[in-house]
Amino acid sequence: MRISEYISMVWRNRRIALAVAFLCCGGMRVLAQTANPGEPQKPTKYVAVEVEKPKLLLFQGFTLSADVFGPLVYAFSDYGNIEAALRLNLKNTYFPVAEVGYGLCDKTDLNTYIKYKTSAPYLRIGCDVNFLKDKFQDNRLFVGLRYGVSSFNYDISGPDMKDPIYGGAEPFGFDGISTTSQWIEIVLGVQVKVWRNFHMGWSVRFKSEMSTKESLYAKPYYIPGYGTTTGGTVWGGTYNLIFDLNWGKKKGKVTATPVNVEVREAISSENTTEKTVEQDAEGESEGL
Amino acid sequence: MVIRQKDIRRAVVYAALFIMSSSATGWLASCSSNNCPLENFVSCNFYFYDSEGTPISYMGEITVKTLLPGMKTVYTYRKLGEQTVVKEWRDESLVELGYTETVSETRRDTVLVNRASSRGNIEIGLGYFQKCDTLIFSYSEISSSDTIKIMHESYPHVDLPECGAYRFHTLTGVTSTEAGIDHVEIANPTVNYEGYENIRIYFNGVAE
């Protein structure tokens with residue numbers, strides 16, 4: 001072996017070499033402290049252990065999802081929505097998300113014969129946080145917050161209004177009442193890996209209306225993306241089909257890099273003691 | 001805490017079932033309940049005060065009529081020594097008894113409040129499609145009556161489709177004659193089903 005090759009090998013393993021060097025110094029000191037004159041020295045063995053603490057890269061790709069609960073609701077009721085979401089995966093922990101959807105409602109009350117109709121897009125932005133301890137697994141348990149906004153027009157109409165005292169009747173109907181609504185949502189959800197990049201999951205959402213520009217003639221009965229306005233707050237939910245997109249993501253699911261090398265001193269005797277190289281090094285410096 | 005993939009998968013399935021069943025329950029429940037206002041009668045609320053502004057209960061009887069649009073035919077029968085009889089239809093039996101019949105056209109009216117007593121306020125509905133309502137206040141203590149004219153704008157309003165349509169009003173002005181009334185004023189121009197105090201009527205005299 002050439003000297004240059006030997007140097008390069010030492011340089012590649014410089015951490016281990018450095019550790020062994022420190023260990024030698026520290027070990028000799030320990031021997032000096034523990035050995036009594038006249039007693040045979042106990043055999044000492046030094047073992048270098050390389051501990052890998054895996055580290056996630058910040059960017060873990062994008063996730064595209066579609067909600068199937070909204071269309072299902074529309075199939076069995078007067079309102080519903082279709083929705084897709086794009087979320088950014090940061091360290092498998094933080095998920096900034098944008099949700100875009102289209103809500104629609106066509107309701108006629110069977111008692112009052114009042115008809116409400118609207119259809120409009122909506123936008124929600126926010127962030128989810130994955131609370132699972134193991135960030136390397138493909139399942140996620142998350143809590144998040146959303147801000148939602150929708151600008152929409154609605155039509156409302158009903159039977160003629162009759163004056164009970166003075167008599168007379170007038171048709172009742174308004175088309176294209178324009179308004180804008182804003183709301184916030186607290187999200188709790190899970191998602192699990194089903195097959196390769198395909199996940200499924202659900203979320204439950206507690207929604208609270210922040211502001212709605214109200215018309216003199218009619219309150220909006222349904223706000224796209226928010227739901228019905230029968231109360232000040234609304235519970236909602238999604239059931240998502242989720243696809244992990246690996247745009248711009250480095251190959252491999254997660255990237256683990258060795259960040260620490262720990263060298264342990266193991267004394268093969270009854271009273272085994274362990275000391276790290278760093279501790280010994282500190283001891284040396286204190287002595288100096 | 002270790003969460004296994006199998007447990008999470010199970011949670012997803014159970015949650016989906018829960019969401020669907022709770023939604024179905026919600027839809028069923030919505031058939032039997034609503035969020036409509038309990039007080040769903042839209043009225044203009046008149047509150048009574050003495051001339052110095054002290055709230056009072058009017059101890060006498062008050063009758064409130066309003067004039068309706070259009071005219072009606074009135075048949076008046078008079079006979080010397082007998083009380084005058086007014087009817088809205090022709091009564092030939094009175095003519096046979098010697099009454100003199102007079103036919104005239106008068107404004108249509110209807111009673112809105114009939115002999116209300118010991119009341120501190122009254123509630124009266126306003127017209128849907130007219131800009132001025134005329135109310136005639138008659139009192140049991142004094143022979144003359146007062147006429148209150150209320151100017152207002154009206155508009156339809158729907159809170160929720162299940163609650164129906166209402167007619168709200170915005171008061172723009174109020175005037176009165178001064179037989180038993182000192183003066184009137186608007187307290188709150190919004191007339192809806194919230195029950196605001198809309199008009200204050202200050203009667204002549206001071207409460208003891």
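Start with chain A coloured by pLDDT. This is a predicted model, and chain A has a mean pLDDT of 78, with 67% of its residues at 70 or more. Select strand 5 (residues 115–130) of chain A, whose mean pLDDT of 95 is the highest among the elements of that chain. Then select helix 4 (residues 277–287) of chain A, where the mean is the lowest, at 39.

Two stretches of chain A deserve a separate selection. In residues 18–35 of chain A the pLDDT is below 50, and the model gives this stretch 22 contacts beyond near neighbours in sequence. Residues 267–288 of chain A also have pLDDT below 50, with 26 contacts beyond near neighbours in sequence. Where pLDDT is low, the predicted coordinates should not be read in detail.

**Strand 11 of chain A**

Select residues 233–245 of chain A, which form strand 11. Add strand 2 (residues 59–67) of chain A: the two strands run antiparallel and are joined by 6 bridges. To find the register, label A:Ala66, which stands opposite A:Leu241 in strand 11 of chain A. Now add strand 8 (residues 198–212) of chain A, which pairs with strand 11 of chain A in the antiparallel sense over 11 bridges. Here A:Ser208 stands opposite A:Thr233 in strand 11 of chain A.

**Two positive phi values**

Most residues other than glycine have a negative phi. Centre on A:Asn92, in the loop between strand 3 (79–90) and strand 4 (94–108) of chain A. The phi of A:Asn92 is near 55°, a positive value in a residue other than glycine. Is A:Asn92 buried or exposed? A:Asn92 is buried, because 20 other C-beta atoms lie within 10 Å and the cut-off for a buried residue is 20 or more.

Move to B:Arg115, in strand 4 (residues 100–119) of chain B. B:Arg115 is not a glycine, yet has a positive phi of about 50°. With 12 other C-beta atoms within 10 Å, B:Arg115 is exposed.

**Chain B as a whole**

Show chain B as a cartoon. Its secondary structure comes to 2 helices and 11 strands, in the order α-β-β-β-α-β-β-β-β-β-β-β-β along the sequence. Of the 208 residues in chain B, 21% are buried. Among contacts in chain B between residues at least 6 apart in sequence, 60% join residues at least 24 apart.

Next, isolate the open sheet of 4 strands with the order 5-1-11-9 in chain B; its pairing is mixed. Strand 5 (121–124) and strand 9 (181–186) of chain B are the edge strands, each pairing on one side only. On average, neighbouring strands of this sheet are turned by 20° against each other, direction ignored. At one edge, strand 9 of chain B pairs with strand 11 (residues 199–203) of chain B in the antiparallel sense over 5 bridges. Label B:Ile186 and, opposite, B:Ile199 in strand 11 of chain B.

**Where the chains meet**

Finally, show both chains and select the contacts between them: 32 residues of chain B touch 34 residues of chain A. On the chain B side, helix 1 (5–30), strand 2 (58–78), strand 7 (145–158) and strand 8 (165–176) each supply at least two residues. Which element of chain B gives the largest share of this side? That is helix 1 of chain B, with 10 residues. Coloured by type, the chain B side divides into 18 nonpolar, 10 polar and 4 charged residues.

Notes: Residues numbered from 1 in each chain as written. Chains lettered and ligands numbered in written order. Predicted model: local features only at pLDDT ≥ 70, side-chain atom pairs only at ≥ 80, totals over all residues. Contact = placed C-beta atoms within 7 Å. Nonpolar A, V, L, I, M, F, W, Y, C, P; charged D, E, K, R; others polar. Pairing = 2+ DSSP bridges. Axes fitted to C-alpha atoms, helices over the stretch in contact; angles between N-to-C directions. pLDDT = per-residue confidence, 0-100.
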